[in-house]
Amino acid sequence: MARLGGDAAMTMLFVRLKLRLIRGNLRGDLIKQAGFVLSVLAAVVCALGGFALFGLVRLADPDTALNVGIVVFTAFTVGWIVVPLMIFGVDETLDPSRLALFPLTTRQLALGMFAASATGPWPLASLVVLAGGVAGLAGGAGGVLIGLAAVVLQFALCLVTSRVITTALSGALRSRRGRDVLAVAAVGVVLLSQLPNLLLNQGLPTDLGALLSSTGEVLRWTPPGLAAHAIADGGLVGVADLVVLAGVVALLAWLWIVVLRRALVTPDVSNQGGGTVRRSWIDRFLPKGQLGGVVAKELKYARREPRGRVAWFTAVVVSGIIMFTLNNEAAPVGLFSAAGPACLAALLIGVQSCNAFGIDGRSLWMNAVAFSSGRDLRTDLAGRHLAMAVIAVPVLGVISVAAALLAGNAAWAVPAALTAWGLLGVALGVGAVTSVVVPYTLPERLNAFSGAAPGQGALAFGSSSLGLLVTGTLALPVVLPVLLGVAWVALLAVPYGLLVAWGGRSMAGMVGFARLPSILAAVSRPV
Amino acid sequence: MVEAVRTQGLFKRFGQQVAVGGVDLVVPKGSFAGLVGPNGAGKTTTLSMITGLLRPDGGTIEINGHNVWTDPVNVKAHIGVLPEGLRLFERLSGRELLLYSGRLRGIPLDETERRADELLRVMDLVESQDKLVIDYSTGMRKKIGLAAALLHNPGVLFLDEPFEGVDPVSANTLTDVLRRYTESGSTVIFSSHGMDLVERLCDWVAVMSRGHIVAQGPLSEVRGEQTLNEAFLDLVGARGNGDEGLSWLGSAGTPR
């Protein structure tokens with residue numbers, strides 16, 4: 001009994017630790033506090049809304065209701081696996097290695113971390129939504145009784161599964177390579193969420209009802225499916241479902257303890273060197289001096305820096321998606337459907353340059369101590385533009401050809417590509433100016449939910465929307481006629497783009513050199 | 001005495017807090033100068049302002065007679081910097097970092113490669129020259145940072161805590177290189193907590209406390225008859241009282 005009391009006290013300690021971490025994280029930062037209040041409000045709204053919506057399932061026929069329940073329960077389990085992986089490191093209670101030095105038994109640790117991960121607005125919100133399953137599916141007192149047990153077990157299943165995965169991967173997540181891979185994988189997840197949208201847009205012969213019932217049938221025998229079925233059944237079969245589910249939860253909990261025990265004594269490998277890189281032969285073909293040095297560095301960064309890879313990857317894939325959707329909406333709209341996606345891609349690629357120094361971050365001092373005039377800064381920007389053009393010009397060319405072929409006239413590729421290249425030039429010129437006027441810190445650890453350091457979110461948003469707005473306005477005279485079908489205007493696009501890019505660099509060089517210390521400070525905020 | 005660095009009334013405040021409150025630092029040319037002081041004394045802020053990375057709120061800075069903030073062209077090519085915190089271009093390999101640094105300063109590629117190879121050899125980084133800097137240890141980062149700071153053969157070198165977290169072997173390499181460098185008449189100014197190290201290496205010392213310079217001059221004058229550590233503790237007025245309290249600490253108590 002004494003031991004149980006000790007466990008309970010230790011578990012409470014973990015819960016208090018988690019609460020204290022949440023509070024400590026908010027101290028003295030008004031924007032974070034406001035963000036937290038919003039997040040709590042959002043959690044409450046999601047919880048109540050989710051509960052109500054889930055409850056409304058009752059109005060559907062029992063089979064459909066059951067299938068919806070199964071899908072929702074499965075989605076929650078998957079969400080609990082994916083989301084903590086994306087934001088790993090935000091929550092110190094999640095990293096067992098920080099607790100390795102305390103005299104805790106594995107059992108205390110497991111219970112404590114379980115309780116700690118159930119603490120917080122979003123875990124509680126998901127518990128409430130899951131409880132909506134009882135309102136939506138249960139029939140009769142037996143159903144409610146079994147349902148409550150099922151919801152608790154389902155919640156435990158979410159937590160334990162998420163714990164097993166994060167703990168098993170915690171070693172990899174702490175290493176540099178692991179985080180690099182995960183950063184790029186995050187984009188994959190975001191894109192996957194677009195898949196249903198794409199499928200629907202493609203006008204596939206999808207009968208929603210049939211899709212739902214077949215999905216439900218498949219998922220019926222997974223643990224979350226068992227939970228949903230138990231609620232709907234409410235009888236002996238439901239009890240059997242619950243017994244199996246409880247077994248699965250217990251098995252996962254045991255697995256978690258094993259993994260945890262191993263993770264605690266496995267050394268942190270994050271600082272043991274990675275492999276070597278090949279020396280680049282491209283350098284030989286680049287311009288001499290400062291300009292070539294910057295181009296070489298930027299090309300390496302586009303390849304090796306996960307944030308760079310993510311940005312390029314997103315730009316290309318998003319334009320791909322737009323390309324397909326544009327071409328599937330009823331009537332063909334001529335040159336627009338070839339030039340439109342190409343210009344959009346140019347814009348998306350160009351936005352990257354709105355905060356050109358952000359990706360250098362605190363290492364920008366190396367440039368700052370070397371630059372002795374506005375001319376040096378201009379050369380730096382020119383190098384960045386050239387590096388971007390080296391990648392973007394062929395990419396935009398390929399997108400233009402693909403879009404023109406999809407739109408049904410290969411010749412449209414020429415005006416489309418010319419316009420896109422011109423637009424890219426305009427975006428680069430505008431980006432050079434925004435980079436020196438409104439620079440901000442990019443967080444080191446990329447996650448899917450934030451693009452700037454805490455407190456600079458508004459600045460980041462302002463910078464890119466300002467950049468887009470000005471780019472759009474400046475590019476309008478050459479882009480609009482082409483989009484409306486006046487193809488010859490495309491001939492003017494590239495010279496115009498080069499001119500704007502040159503002007504932007506000159507202005508940025510003049511304004512930016514005196515601002516170098518401020519730029520350095522703005523891009524090296526602690527994250 | 002020819003001065004490599006002279007500041008007058010250097011001043012910087014962050015909000016309400018005065019980080020540097022009127023610093024008149026003088027470092028003679030060719031000296032190996034140590035800037036010492038407790039945490040928060042303003043050493044890093046001072047060095048950042050001198051090297052043009054942080055704009056001062058007041059005062060002037062001259063390096064070899066040229067004003068850092070009004071005449072950067074005549075200053076920046078002649079100084080080398082290794083700031084604190086060691087953020088380098090993490091996704092370049094050590095060798096690529098040196099090549100980038102050289103090309104950024106307009107040194108021809110062939111010459112840069114020659115210097116980089118020599119520096120890598122001296123710094124004992126040949127084996128890891130093709131590894132990404134992000135995977136380097138602290139000692140390796142300080143060494144590659146110093147190599148990048150030396151690549152363009154600056155006349156004055158500013159190093160912020162160059163020996164912090166560096167293993168003895170790497171520290172030895174760093175001091176050897178720096179000694180050779182000052183013997184040729186170039187100037188090194190570095191900040192440090194390590195009094196023994198400063199005493200061993202430096203011929204010129206400046207002591208900072210709470211944003212002011214409380215003593216500066218040749219090492220022998222600043223420390224007088226004492227060791228530098230004793231002189232330093234007297235100067236910053238911080239003789240500890242480690243005798244009070246802590247009655248439970250030690251073998252008399254039980255661990256719990």
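**Group meeting: selected residues in chains A and B**

I will start with A:Lys297, which is buried, with a relative accessible area of 1%; buried means under 20% on that scale, exposed over 50% and partly exposed in between, with a 1.4 Å probe and protein chains only. This is a predicted model, in which local features need pLDDT of at least 70 and side-chain atom pairs count only at pLDDT 80 or more, while totals for chains, interfaces and linings use all residues. Residues are numbered from 1 along each chain as its sequence is written, chains are lettered from A and ligands numbered from 1 in the order in which they are written, and side-chain values use heavy atoms, with hydrogens and water left out.

Back to A:Lys297. This residue sits in helix H12, residues 289-304 of chain A. Helices are DSSP runs of H or I of at least four residues, strands are runs of E of at least two, and both are numbered from the N terminus. The side chains of A:Lys297 and A:Glu298 share a polar contact of 3.0 Å. A polar contact is a pair of N or O atoms within 3.5 Å; within protein, one must be able to donate a hydrogen and the other to accept it, and residues adjacent in sequence count only if both atoms are side-chain atoms. Setting aside neighbours within four places in sequence, A:Lys297 is in contact (heavy atoms within 4.5 Å) with A:Asp360 and A:Arg384, and also with B:Phe89, B:Leu92 and B:Tyr100.

Now chain A as a whole. There are 19 helices and zero strands. Of its 527 residues, 47% are buried. Among contacts between residues at least 6 apart in sequence, 81% join residues at least 24 apart.

Over to chain B. B:Asp160 lies in strand E8, residues 156-160. What is the nearest side chain of opposite charge to B:Asp160? It is B:Lys43, 6.8 Å away, and B:Asp160 is buried yet has no salt bridge. A salt bridge needs a side-chain nitrogen of Lys or Arg within 4 Å of a carboxyl oxygen of Asp or Glu; for charge, Lys and Arg count as positive and Asp and Glu as negative, with His and the chain ends not counted. The side chain of B:Asp160 does make polar contacts, at 2.9 Å with that of B:Thr44 and at 2.6 Å with that of B:Ser191.

Last, B:Gly21, in strand E2, residues 17-23 of chain B. B:Gly21 is buried, at 16% relative accessible area. B:Leu10 is eleven residues away in sequence, and the two C-alpha atoms are 6.8 Å apart.
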